[in-house]
Amino acid sequence: MPKELTLPSGKIAIIEKGKGKDLLQAQIKAKTSDEIPYALIAELVEIDGQKLVYEDILELDLEDVIALQGEISGKFQTVQAKEIQTKEEKTEIVTPLTSALTSPTAKA
């Protein structure tokens, strides 16, 4: 379900939920990993009824970009991994010395 956000500039942004394909497209369009968030905004956001391209996002007011980044990055912070307990396994190292010490015929 899309989300509506009023940007600091007063523009209205509609943010789509997004799918893996949107992230993949953003990764393809970005020149470096630092540019992926901007490209992802371009994939997921429509502003004042218009779909923007990556270069358009770079020309937005800084306050608007920061608001959009916060909204997009917040989507990825809602899921938390749960720790699971694993059964500990003991490893016994057997050497001639430890065999002799644990042998029923060992003398003290």
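This passage describes the fold, the nonpolar core and selected residues of a predicted model.

The protein contains five helices and four strands. Along the sequence, these elements follow the order β-β-α-α-β-β-α-α-α. The protein has 108 residues, and 23% of them are buried. Its accessible surface amounts to about 8700 Å². Carbon and sulfur atoms hold 54% of that surface. Many contacts link distant parts of the sequence: among contacts with a separation of 6 or more, 48% join residues 24 or more positions apart.

The largest nonpolar core comprises 20 residues. Within this core, V45, I47, L60, L68 and I72 have the most contacts. Several elements each supply at least two core residues. They are strand 2 (12-15), helix 2 (36-44), strand 3 (45-47), helix 3 (54-58) and helix 4 (62-75). Helix 2 is the leading contributor, with six residues.

V45 is among the core residues with the most contacts inside the core. Neighbours within four places in sequence are set aside in what follows. On the N-terminal side of the sequence, V45 touches A13, I14 and I15. Further along the chain, V45 meets K51 and L52. Contacts with L68 and I72 complete the set. Both L68 and I72 also rank among the residues with the most contacts in the core.

Helix 2 is mostly covered. Seven of its nine residues are buried. These are I36, A39, L40, I41, A42, E43 and L44. E43, a member of this helix, has a relative accessibility of 18%. The cut-off for burial is under 20%, so E43 counts as buried. Apart from neighbours within four places in sequence, E43 is in contact with D22, Q25, A26, K29 and K51. K51 is thus a contact of E43 and also of V45.

Helix 1 spans residues 20-29 and includes I28. The relative accessibility of I28 is 56%. Exposure requires a value over 50%, so I28 counts as exposed. I28 lies eleven residues from A39 in sequence. Their C-alpha atoms are 8.9 Å apart in space. A39 itself is one of the buried residues of helix 2. The pair therefore joins an exposed position to a buried one across that distance.

Note on methods: Residues are numbered from 1 along each chain as its sequence is written. This is a predicted model: local features need pLDDT of at least 70, side-chain atom pairs count only at pLDDT 80 or more; totals for chains, interfaces and linings use all residues. Side-chain values use heavy atoms; hydrogens and water are left out. A nonpolar core is a set of buried Ala, Val, Leu, Ile, Met, Phe, Trp, Tyr and Cys residues joined through side-chain atoms within 4.5 Å. Buried means under 20% relative accessible area, exposed over 50%, partly exposed in between (1.4 Å probe, protein chains only). Contact means heavy atoms within 4.5 Å. Accessible areas come from the Shrake-Rupley method with a 1.4 Å probe; for residues, only the protein chains shown count as cover.
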